[in-house]
Amino acid sequence: DLNEQLHGQHLAKEVIIRAVRGFLQSPRPEKALVLSFHGWSGTGKNFVARLVASHLYRDGLKSECVRVFISLFHFPHHKLVDSYKAQLKKQISETVQLCQQSLFIFDEAEKLHFSLLDAIKPFMAHHDNQGQVDYRRSIFLFLSNLGGNTINEVALDFWRAGRAREEISMEVLEQRLRLELQEPAESSYARSHLLEENLIDFFVPFLPLEYHHVKLCIQDAFLARGLPYTEAALDEVAGMMVFVPKEEKLYSAQGCKSVSQRINYFL
């Protein structure tokens, strides 16, 4: 499904499949699997999180073994951070007690107060058994726009040098991403202890989407609705999207977000 439905993300595909498969096949993992997805809005981070949930659980995101937290929705007031910490720890503990294999998704992770990240740190650490509950079979996904500009700069440099985006490697990107995430001004990650204690197993970069990727998303959206389409229709909907930078007009400013609304408008 990732191969067919996730467009323009060769790195994310490879890292996620290998990481999740390796973790699920391990009879006794040493710690929970922690993946941090980075990239501009609309590049597929939420889409992949939903796909992982739907492949691990019959009820997908609705499963009682899956908890989704959206920073500004669930934890909007910094003054209440102590009560949020207690609530979050309780929810994670209860879910792990209920389900041997749990999935926790934190959307807009860069907006989480750093002390919330520190509060859940023990659930992601090596061996540190929280009482009698074994949470080492849990998966934590952090979704963040942080690092998006760094990822886009690397992609643009490759394009300007006439190199294929598929040549971009994890080695090139992960180093740059880590440096950006270590800037305390930018990131609650840096102010928490997740980075220095190496609790995030993989930083997963999502590359900016080009015109032909957006057309594939539009095609998927037509097919999902059972609607007929022509190449001209795909171009017309794609033509409604904004592309940047100003000179090259290479990358969709909102990725594949708003594709379905634009199809409504087109229809």
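A pocket is found on a 1 Å grid over the protein atoms alone: a pocket is an open set of points with protein on both sides within 12 Å along at least five of seven lines, and its lining residues have an atom within 4 Å of a point. Grid points are joined across faces, edges and corners, and a pocket's volume is the space filled by probe spheres set on the points.

The model here is predicted, so local features need pLDDT of at least 70 and side-chain atom pairs count only at pLDDT 80 or more, while totals for chains, interfaces and linings use all residues. Residues are numbered from 1 along each chain as its sequence is written, and side-chain values use heavy atoms, with hydrogens and water left out.

**Two pockets**

Here are the two pockets, with their residues sorted by class: Ala, Val, Leu, Ile, Met, Phe, Trp, Tyr, Cys and Pro count as nonpolar, Asp, Glu, Lys and Arg as charged, and the others, Gly among them, as polar.

| Pocket | Volume | Lining by class |
|---|---|---|
| Largest pocket | About 720 Å³ | nine nonpolar, 12 polar, eight charged residues |
| Second largest pocket | About 290 Å³ | eight nonpolar, two polar, two charged residues |

In the largest pocket, 29 residues form the lining, and Gly42, Gly44, Phe47, Arg50 and Cys256 lie nearest the centre. Domain 1 (10-148 + 179-206) and domain 2 (211-264) each give at least three residues to this lining; the domain bounds come from an automatic or database domain assignment. Helix H3 (45-56), strand S4, helix H10 (211-224) and helix H12 (259-266) each supply at least two of its residues. Helices (H or I, at least four residues) and strands (E, at least two) are DSSP runs, numbered from the N terminus.

Now look at the second largest pocket, whose lining includes Asp1, Ile16 and His55. Which helix gives the largest share of this lining? Helix H2 does, with five residues.

**A covered strand**

Next, find strand S3. Five of the five residues of S3 (residues 103-107) are buried (under 20% relative accessible area, 1.4 Å probe, protein chains only), so this strand is largely enclosed by the rest of the structure. In a regular strand the side chains alternate between the two faces of the sheet. In S3, Leu103, Ile105 and Asp107 are buried on one side, and Phe104 and Phe106 on the other.

S3 also has strand partners; two strands pair if DSSP finds at least two bridges between them. Strand S2 (residues 66-70) runs parallel to S3, joined by five bridges, and Phe69 stands opposite Phe106. Strand S4 (residues 139-144) pairs with S3 in the parallel sense over four bridges, with Leu141 as the bridge partner of Ile105.

How values were computed. Buried means under 20% relative accessible area, exposed over 50%, partly exposed in between (1.4 Å probe, protein chains only). On a 1 Å grid over the protein atoms alone, a cavity is a set of points where a 1.4 Å probe fits but cannot get out, and a pocket is an open set with protein on both sides within 12 Å along at least five of seven lines; lining residues have an atom within 4 Å of a point.
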